[in-house]
Amino acid sequence: MNIYFQKSFQRGFGTYPLKGSELQDAVHTAIAVGYRAFDTAQMYGNEAETGEALASSGVARDDLCITTKIDPDNYTAEKFLPSVEASLRAIKVDRVDVLLLHWPPADGDIAPALRLMQTAHDKGLAGAIGVSNYTAGMMREARTIVDVPLVTNQVEFHPLLDQSKLLAAASETGIPLSSYASVARGEVFKHGLFAEIGEAYGKSAAQIVLRWILQKGVPLNTMSTKAANIRSNFEIMDFTLSFVDMDRIDALTATGHRIIKTGMLPWVPEWD
Ligand SMILES: NC(=O)c1ccc[n+]([C@@H]2O[C@H](COP(=O)([O-])OP(=O)(O)OC[C@H]3O[C@@H](n4cnc5c(N)ncnc54)[C@H](OP(=O)(O)O)[C@@H]3O)[C@@H](O)[C@H]2O)c1
């Protein structure tokens, strides 16, 4: 089974932009609440701190799903594997559970980095591999380049953005999506619909948003510095949104609010 669809890993905790005691506290709270999947990246500069927080949590390594992502600056034959080994040393693990390419390369040629990912996987440095921020076209192309299944394309996914083309590509290619910016960095709360729907279920606006994402078949990465939010973001398995409420939320995707816009960083592609 795809690792992110295992029950204990469907609700992942993201670590960007956490550092220092804020990161330690957030990860320890997340562990206490029940999160077992954690997301870091070379670019976040917090792999070592994330590893330290997890090691000191008392949870057995086998019960955790640790994801890290490779910085596009390391997508060369010389730098790629040494950078993965440096990540493993920083996190203090023999291998990560999931290794992702953080962004497509700036030149759009996805093949070289994907082949290097396959090598990292074959060497046992990662239990599974995947990508992040790929377009639908890149998902289709990726499938022709590597033999190892790609376990996810981690993308911006929330109810204010129409990602139906990526969802279609996910079904077609067998590369499932997973989410980041799941509450659109707070933007979702400007829409009254989530609190209104929440009243009927006895749930908060954030819980409605996150449940909608899960019911779209998309595992979550959420992040909060606040214990109450870390907890409530996790407590979303005891209710199901009706088809009618799913449709009402679907209608909001036409809002077209994107957090990560083309041109913001050199690697951000032309989105679908
Ligand atoms: N692959 C990529 O390129 C990529 C890009 C961005 C992020 N990510 C990953 O995805 C994770 C999450 O994404 P994100 O942090 O960018 O966006 P996000 O989850 O949409 O937004 C995080 C913000 O939402 C607030 N929040 C969270 N839960 C809340 C709740 N229940 N009620 C009210 N406010 C709430 C948090 O504030 P408080 O602290 O005040 O609760 C925090 O400032 C990151 O940590 C990172 O691991 C990946």
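Is the crossing of α1 and α9 right-handed or left-handed? The views below start with that helix pair, and everything shown comes from a predicted model.

**View 1. Helices α1 and α9 cross in a right-handed sense.** Here helix α1 (residues 20-33) meets helix α9 (residues 227-234): their axes come within 10 Å and cross at roughly 35°. On the α1 side, look for A26, T29, A30 and V33, which touch A227, I230, R231 and F234 of α9. Sorted by character, the residues of this contact divide into 6 nonpolar, 1 polar and 1 charged.

**View 2. F234 belongs to an aromatic cluster.** You have already met F234 as one of the α9 residues in the contact with α1. In this close-up F234 joins F13, Y35 and F38 in one aromatic cluster. R11 is worth finding too: its charged end sits over the ring of F234, 3.6 Å from the ring's centre.

**View 3. R211 lies over the face of F239.** This is another arginine placed over a phenylalanine ring, with R211 at 5.8 Å from the ring centre of F239.

**View 4. W103 and W271 form a tilted aromatic pair.** The structure holds 8 aromatic pairs. In the one shown here, W103 and W271 are 6.3 Å apart centre to centre, with 50° between the planes. The pair links distant parts of the chain, as its partners are 168 residues apart. To locate them, follow the loop between β4 (96-101) and α4 (111-122) for W103, and the segment after α10 (243-250) for W271. Both tryptophans, W103 and W271, are buried.

How values were computed: Residues are numbered from 1 along each chain as its sequence is written. This is a predicted model: local features need pLDDT of at least 70, side-chain atom pairs count only at pLDDT 80 or more; totals for chains, interfaces and linings use all residues. Side-chain values use heavy atoms; hydrogens and water are left out. Rings of Phe, Tyr and Trp (its six-membered ring) pair if their centres lie within 6.5 Å; planes under 30 degrees apart count as stacked, over 60 as edge-to-face and the rest as tilted. Helices (H or I, at least four residues) and strands (E, at least two) are DSSP runs, numbered from the N terminus. Buried means under 20% relative accessible area, exposed over 50%, partly exposed in between (1.4 Å probe, protein chains only). A charge sits over a ring if NZ of Lys or CZ of Arg is within 6 Å of the ring centre and within 35 degrees of the ring normal. Axes are lines fitted to C-alpha atoms, for helices over the stretch in contact, and angles run from 0 to 180 degrees between N-to-C directions. A crossing is left-handed if the near helix is turned anticlockwise from the far one by less than a right angle, and right-handed if clockwise. Contact means heavy atoms within 4.5 Å. Ala, Val, Leu, Ile, Met, Phe, Trp, Tyr, Cys and Pro count as nonpolar, Asp, Glu, Lys and Arg as charged, and the others, Gly among them, as polar.
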